[in-house]
Amino acid sequence: MSNATTLDLPFPSRSNPNRAFVAQPHRDWLLRNEGLAATIALPAYDKWDVPRLAAFTSPDTAVDDLALAADLLSFYFLFDDRFDSDLGRAPAQVAEICTRLTGLLHGEGPAPAIRTPVERAFTDLWERSTRGMSARWRARSAYNWEWYFACHPAEAAGRLSGRLPDRESYLALRRGTAAMETLFDMVERLNHFELPQEVLHFPVFRRLRQLAADIPSFTNDVHSYAQELARGDVANMVMIVREERGGTPAQAAVQVMHEAQTMVDRFVELSTEVPGICDVLGLAPAAREAAHRYVEGLAAWISGYHRWEIDTGRYER
């Protein structure tokens with residue numbers, strides 16, 4: 001059973017055995033991109049233990065791929081944290097930053113000589129992420145990154161207004177700012193396979209992906225509630241449940257975790273349909289293996305992120 005801070009997860013707890021080999025390369029990458037980490041000192045950042053999160057969520061990847069996973073996770077956290085300042089209440093400025101980054105996806109961004117530290121870091125990550133991937137995968141990933149970047153101005157507008165969104169509006173925004181679709185694209189990239197389009201867009205797989213995206217968002221909102229309340233954020237499910245149902249923050253947190261647990265149970269139920277889908281689609285052995293590996297990758301994200309978030313230093317008050 002779930003409670004106010006944890007879920008009951010039926011997935012195996014696994015960690016990549018290459019974790020020890022990526023700590024120094026990841027730190028070197030951060031030092032090369034020190035402008036990205038301008039909002040936090042390295043000793044405080046070390047408490048987050050991002051390589052540990054990468055190892056939990058990508059348990060089967062090779063060393064270089066695991067290092068890429070750690071660097072990407074660092075980018076998400078550090079980019080998001082830039083908007084914890086007054087900048088996060090300036091939607092027009094945020095839109096300008098995000099438009100420049102989106103341009104880099106399409107070869108239309110600022111020239112190398114005038115790129116910001118954030119833009120240089122993202123250029124490196126995008127180039128490494130797309131190596132060896134098909135044009136179809138690159139187009140999909142570029143779209144998902146654009147979605148992620150484009151949601152930040154809307155989040156800034158929400159902070160500026162100070163108004164709590166309703167549940168539907170929250171989900172529309174959170175599903176963009178959480179960046180989970182870009183992370184699920186990386187399940188393929190980091191493990192060196194690609195899903196056939198008939199599998200990727202099969203309704204059950206779309207539902208599995210949505211559940212795998214929403215579960216970490218809900219549990220993250222529980223663990224980050226105190227921090228977000230203190231800085232005036234409004235896109236948090238604990239706040240929304242309190243508005244819907246009343247009660248204390250602790251009671252709202254229990255309800256959010258209960259909803260997340262219900263989604264976990266549904267994910268497990270839908271996963272049992274995967275073999276039958278592979279049969280109906282007449283998938284070749286390689287495509288069938290890719291389908292199963294993809295679902296395993298989604299499950300690793302759910303379990304790995306939750307295993308990390310319950311004791312990481314990132315959410316210390």
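The following exchange asks how pockets, salt bridges and burial are assigned in this structure.

Reader: What kind of model is this, and how are its residues numbered?
Author: This is a predicted model, in which local features need pLDDT of at least 70 and side-chain atom pairs count only at pLDDT 80 or more, while totals for chains, interfaces and linings use all residues. Residues are numbered from 1 along each chain as its sequence is written, and side-chain values use heavy atoms, with hydrogens and water left out.

Reader: Why is the pair Asp 46 and Arg 27 called a salt bridge?
Author: The term requires a side-chain nitrogen of Lys or Arg within 4 Å of a carboxyl oxygen of Asp or Glu. The side chains of Asp 46 and Arg 27 meet at 2.7 Å, N to O, so the pair satisfies that definition. Asp 46 belongs to helix α2 (residues 42-46) and Arg 27 to helix α1 (residues 19-32), so the salt bridge ties together parts 19 residues apart in sequence. Helices here are DSSP runs (H or I, at least four residues), numbered from the N terminus.

Reader: What makes Asp 46 and Arg 27 count as buried, exposed or partly exposed?
Author: Buried means under 20% relative accessible area, exposed means over 50%, and partly exposed is in between, with a 1.4 Å probe and protein chains only. Asp 46 has 37%, so it is partly exposed, and Arg 27, at 28%, is therefore partly exposed as well.

Reader: Which parts of the chain does the salt bridge between Asp 65 and Arg 189 tie together?
Author: The side chains of Asp 65 and Arg 189 meet at 2.9 Å, N to O. Asp 65 lies in helix α4 and Arg 189 in helix α9, so the pair links parts 124 residues apart in sequence. Both Asp 65 and Arg 189 are buried.

Reader: How far apart in helix α6 are Asp 124 and Arg 128, and what is the accessibility of each?
Author: Asp 124 and Arg 128 lie 4 residues apart in helix α6 (residues 117-130), about one turn of the helix, and their side chains form a salt bridge at 2.9 Å, N to O. Asp 124, at 27% relative accessibility, counts as partly exposed, whereas Arg 128, at 14%, counts as buried. The structure holds 23 salt bridges.

Reader: Why is α3 described as largely enclosed by the rest of the structure?
Author: The description rests on the burial of 8 of the 8 residues of α3, so the helix is largely enclosed by the rest of the structure. Among the buried residues are Val 50, Arg 52 and Phe 56, and the buried residues of α3 pack against α1, α2, α4 and α16.

Reader: What makes a set of grid points a pocket, and what lines the largest pocket?
Author: On a 1 Å grid over the protein atoms alone, a pocket is an open set of points with protein on both sides within 12 Å along at least five of seven lines, and lining residues have an atom within 4 Å of a point. The largest pocket holds about 810 Å³ of space and is lined by 39 residues, of which Asp 80, Arg 174, Asn 220, Glu 228 and Arg 314 lie nearest its centre. Helix α7 gives the most to this lining, with 6 residues.

Reader: Which helix gives the largest share of the lining of the second largest pocket?
Author: The largest share, 10 residues, comes from α16. The second largest pocket has a volume of about 480 Å³ and is lined by 30 residues, including Arg 14 and Pro 59.

Key: On a 1 Å grid over the protein atoms alone, a cavity is a set of points where a 1.4 Å probe fits but cannot get out, and a pocket is an open set with protein on both sides within 12 Å along at least five of seven lines; lining residues have an atom within 4 Å of a point. Grid points are joined across faces, edges and corners, and a volume is the space filled by probe spheres set on the points. Helices (H or I, at least four residues) and strands (E, at least two) are DSSP runs, numbered from the N terminus. Contact means heavy atoms within 4.5 Å.
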